[in-house]
Amino acid sequence: MTYHAKSDFMRVMIERGFLADCTDYQGLDEALLAGVVPAYIGFDATARSLHVGSLIQIMMLRWLQKTGHKPIVLMGGGTTRVGDPSFRAEERPLLTPAQIDANIAGIRAVFANYVRFGEGPDDAIMLNNAEWLDGLNYLDFLRDIGRHFSVNRMLAFESVKSRIDREQSLSFLEFNYMILQAYDFLELYRRHGCRLQMGGSDQWGNIVNGIDLTRRVLDAEIWGLTSPLLTTSDGKKMGKSLSGAVWLNAELLKPYEFWQFWRNTTDADVGRFLKLYTELPLAECARLGALAGAEINLAKITLANEVTALLHGREAARAAEATAREVFEHGGVGEDLPTLTLNLADLGEGISLAQMVVRAGLAKSGKDAKRLIAEGGLRVNDAAAADAGRLFTTADLAAPVKLTAGRKRHALVTLG
């Protein structure tokens, strides 16, 4: 559907590629024009940090505030104890309340880089759905809320149907998740006047459930809006790299490694990612995305700098670029390279090159490391390495050792 938006927020969502679907384009657009619209996105606290896969939703909240509306960051302290079954092959591992609280504390720090928290009409707030879910009385909930849900309809949602079609177990615990998420929307409307839920397109069924419930119970006019589930041009899921998840917290992934992830973007994705993950004008995104040959690397550096600056600050982006230049252009070491620090107890009589490559995060397993070395893809201090079993001793590590996998991934190994 082609919709010509009137409100700034809807225009940004459409023009920059954030919008997959909306329950009522015109109704939401008119509400956004009429005044401040509080809107929320939920984030389950399954890890100490969100990763790049959540960044599109974080940017949506940022644009919501920049266009004059109120972001609500909902932490799923309650629903994390259940687990979202959406498009998963198996049940999520259950976390303790202490683990969930620790994860929320880790996630909280990221959002201050993207939205402004406060008490004003368009200031962001962060809430925890444990506030209303933990105290629910089961029988009252069944009577007052459960009666509004059709099991037949819930079974038809793609997130559930895909599990059943594959004959994979779907527990009653997980089946309840969509009811709890729907109840979140109801409570957020009651408590904070929230009128819009946003999320990835895999959340469409859950969002529609929340809208239906809130309309039935409170006769409220509310909306849902989803973003596309992003994959890279080569079909890979956003948020993953060769060495694992691309975390947003600096404690789990150094700013240089975060910068490098974006610097390594595939040529075909640069223009699209500039529109989604930076605030550069659309014309500039198009110009940079159209560059070809060696010039596309300038666009990738711009992408890496802009995304890193939003998350970690402009100085961190400059430092990451300087480190990359030192490593790539001048063959140096660079201060911010990922570093593996070994101690004497680790070392013993020595550590093999293959083990060192794995521990430095440049390969997932010893088998992968040996293959990398055998295929000529590893350099040690910028010299080709061919012996996966070579032992590195205390003497070898008297000075830092630089490992390079392929052309773009580097790590230092030092003795602590």
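This passage walks through one helix, the aromatic pairs and a loop threonine in a predicted model.

Helix α4 is a good place to start. It runs over residues 97-111, and its length checks out: 15 residues at 1.5 Å each should span 21 Å, and the end C-alpha atoms sit 22 Å apart, which agrees. The buried residues of α4 are I100, N103, I104, G106, I107, V110 and F111. Looking down the helix axis, these buried residues of α4 fall within an arc of 170°, so they line one face of the helix. As for what that face meets, the buried residues of α4 pack against three strands and two helices, namely β2 (38-43), β3 (70-75) and β4 (125-128), plus α3 (55-66) and α15 (296-312).

Aromatic rings come next. Searching the whole structure turns up nine aromatic pairs. One of them joins Y3 and Y25, with 5.6 Å from centre to centre and 35° between the planes, and this pair is tilted. Y3 belongs to the segment before α1 (8-15), while Y25 is in helix α2 (residues 25-34), so the pair ties together parts that are 22 residues apart in sequence. Y3 and Y25 are both buried.

F261 and W262 make a pair with another geometry: the ring centres lie 5.2 Å apart and the planes meet at 85°, so this pair is edge-to-face. The cut-off for an edge-to-face pair is over 60 degrees, which is why 85° qualifies. Burial holds for both partners too. F261 has 17% relative accessibility and counts as buried because the limit is under 20%, and W262, at 0% relative accessibility, also counts as buried. Neither ring stands alone, since ring pairs link F258, F261, W262, F273 and Y277 into a cluster.

A charged side chain also turns up over an aromatic ring. K66 lies over the face of W63, at 5.6 Å from the ring centre.

That leaves the loop threonine. T232 sits in the loop between β6 (223-227) and β7 (240-241). Despite the loop setting, T232 counts as buried, with a relative accessibility of 17%. What does T232 contact, leaving aside its neighbours within four places in sequence? The partners are M238, D269, R272 and F273. F273 is also one of the residues in the ring cluster, and through F273 the loop residue T232 is in contact with a member of that cluster.

Definitions and conventions
Residues are numbered from 1 along each chain as its sequence is written. This is a predicted model: local features need pLDDT of at least 70, side-chain atom pairs count only at pLDDT 80 or more; totals for chains, interfaces and linings use all residues. Side-chain values use heavy atoms; hydrogens and water are left out. Helices (H or I, at least four residues) and strands (E, at least two) are DSSP runs, numbered from the N terminus. The expected span of a helix is 1.5 Å times one less than its number of residues. Buried means under 20% relative accessible area, exposed over 50%, partly exposed in between (1.4 Å probe, protein chains only). The arc is that of the directions from the helix axis to the C-beta atoms. Contact means heavy atoms within 4.5 Å. Rings of Phe, Tyr and Trp (its six-membered ring) pair if their centres lie within 6.5 Å; planes under 30 degrees apart count as stacked, over 60 as edge-to-face and the rest as tilted. A charge sits over a ring if NZ of Lys or CZ of Arg is within 6 Å of the ring centre and within 35 degrees of the ring normal.
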